[in-house]
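Here is a quick walk through one chain, from its sheet and helices to its cores and charged pairs. Have the structure open while you read.

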Amino acid sequence: MLFANAALEDVMGTSRRTIEGSHFAACFTEPHLLRNALEGAGSNAFAALRYDAWLVRHNAEPMPVHVIVAQTDQPGEVVVELLPLEQQARQEREERLLDQAQANKELIRNLAHEIKNPLGGIRGAAQLLEMEIEGRDLKEYTRVIIHEADRLQTLVDRLLAPHRRPHLVGDVNIHEVCERVRSLVLAEFPRGLKVVREYDTSIPEFRGDREQLIQAVLNIAHNACQALTERIAAGDAQLVFRTRVARQVTFGKQRYRLALELHVIDNGPGVPLSIKDRIFYPLVSGREGGSGLGLTLAQTFVQQHHGLIECDSVPGRTDFKILIPLP
């Protein structure tokens, strides 16, 4: 081992001086895997090789890592990169979320436009028909058509809302956003719900669309309250707004020096397993009568701030984490 970075030093719990100059293969539970990979790289059998392994650490349990062995421009030199499997899985999950959100956006916009034009024709035809008929019973049918057309029009307008409304950028204080959402939630659920605030008041203001962020956080919080129906009735429902500053974080395929972490946590039953991987898809809802648009729109609004929403849910604790870059 010629060189080790500070990250490896931290993970191993050993100084770089100890690691450098050692036989690095001995740091793994199965050292022969790395030896074979190094031999293959040295003999030009491949340019890069990936495999999963367990890294042995000082005074700690072995850590699962994804190993990347690659040749360098210097003859006889090989780079060994280690990625914690949890981090690797997180990066892959974020990339899927971003690709999924982009596909959703295009699908929603195109579908909404396709629905909008014939919908107007159906409503107009029903109105003309209502003017021609005299029987009261028959007019009931035309009114049903008009009412349902209006309901679908409202749904289409909601689908198109993020793409129509201009992005109004200004200075945003995330705690003002949280307080606005808190007041709206408590107005709708005045009894049986406790809203806990855990704010890091050192978080700076950032440039963004305040109304979009209020809507995003409100959609998440409202979904949480809907899931807390039974606990609200029992009087022990809890919703937590927690803000933190994350340092040197990577999300959305970019690395940021500082980022806002806003957690919206509830003690409800958790996201149903049947939709856990699809909660940000449009028209996917975990409750009867839900539109399935709240989380889709929240993700869209946050991504317009170069951010991302993640969800970690088990029965008794659901945590929606909003990540937004800070200046």
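Which strands does helix α6 lie across, and at about what angle does it run to β7? The model here is a predicted one, and in it α6 (residues 174–188) lies across β5, β7 (237–251) and β8 (254–266). Its direction makes an angle of about 155 degrees with that of β7.

## The overall picture

The chain is built from 9 helices and 10 strands. It has 327 residues, and 38% of them count as buried. Take the contacts with a separation of 6 or more: 61% of them come from residues 24 or more positions apart.

As for the surface, the chain exposes about 18800 Å². Carbon and sulfur atoms supply 52% of that area.

## The five-stranded sheet

Five strands make up an open sheet, in the order β5-β7-β8-β10-β9, and the pairing is mixed. At the edges sit β5 (193–198) and β9, each of which pairs on one side only. On average, neighbouring strands of this sheet are turned by 20 degrees against each other, direction ignored.

Strand pairing in general goes through backbone hydrogen bonds, either parallel or antiparallel. For β9 and β10 the sense is antiparallel, with 7 bridges joining the two. Val-314 has Arg-317 in β10 as its bridge partner. There is a helix on this pair as well: α9 (residues 294–303) lies across β9 and β10, and runs at about 140 degrees to β9.

## A hairpin earlier in the chain

Strands β1 (residues 48–57) and β2 (residues 60–71) pair in the antiparallel sense, over 9 bridges. Arg-57 stands opposite Ala-60 in β2. The hairpin leaves 2 residues between the strands, and Asn-59 takes a positive phi there, near 55 degrees.

## Two nonpolar cores

The largest nonpolar core holds 44 residues, and Val-185, Leu-193 and Leu-239 have the most contacts inside it. Two or more residues each come from α6, β5, α7 (210–227), β7, β8, α9 and β10. Helix α7 gives the largest share of this core, 9 residues.

What does Val-185 touch, leaving aside residues up to four places away in sequence? Its partners are Leu-193, Leu-218, Ala-221, Cys-225 and Leu-239. Apart from the largest core lies another one, of 19 residues, and Ala-4, Leu-34, Tyr-51 and Val-65 are among them.

## Charged pairs

How many salt bridges does the count come to? The total is 12. One of them joins Arg-143 and Glu-130, with the closest N and O atoms 3.0 Å apart. Arg-143 lies in helix α5 (residues 136–164) and Glu-130 in helix α4 (residues 85–132), so this pair ties together parts that are 13 residues apart in sequence. The two ends sit in unlike surroundings: Arg-143 is partly exposed, at a relative accessible area of 42%, whereas Glu-130 is buried, at 18%. Glu-140 comes in too, since Glu-130, Glu-140 and Arg-143 are linked in a network of salt bridges.

Back in the sheet, Lys-321 and Glu-310 meet through their side chains in a salt bridge, 3.6 Å from N to O. Lys-321 belongs to strand β10 (residues 317–325) and Glu-310 to strand β9 (residues 308–314), so the pair ties together parts that are 11 residues apart in sequence. Are these two buried or exposed? Lys-321 is buried, with a relative accessible area of 17%, and Glu-310 is buried as well, at 7%. Asp-319 and Arg-317 form a further salt bridge, at 3.9 Å from N to O. Asp-319 is buried, with 9% relative accessible area, while Arg-317 counts as partly exposed at 36%. Arg-317 has now turned up twice, as a salt-bridge partner of Asp-319 and as the bridge partner of Val-314.

Definitions and conventions: Residues are numbered from 1 along each chain as its sequence is written. This is a predicted model: local features need pLDDT of at least 70, side-chain atom pairs count only at pLDDT 80 or more; totals for chains, interfaces and linings use all residues. Side-chain values use heavy atoms; hydrogens and water are left out. A salt bridge is a side-chain nitrogen of Lys or Arg within 4 Å of a carboxyl oxygen of Asp or Glu. Helices (H or I, at least four residues) and strands (E, at least two) are DSSP runs, numbered from the N terminus. Buried means under 20% relative accessible area, exposed over 50%, partly exposed in between (1.4 Å probe, protein chains only). Contact means heavy atoms within 4.5 Å. Accessible areas come from the Shrake-Rupley method with a 1.4 Å probe; for residues, only the protein chains shown count as cover. Two strands pair if DSSP finds at least two bridges between them. Axes are lines fitted to C-alpha atoms, for helices over the stretch in contact, and angles run from 0 to 180 degrees between N-to-C directions. A nonpolar core is a set of buried Ala, Val, Leu, Ile, Met, Phe, Trp, Tyr and Cys residues joined through side-chain atoms within 4.5 Å.
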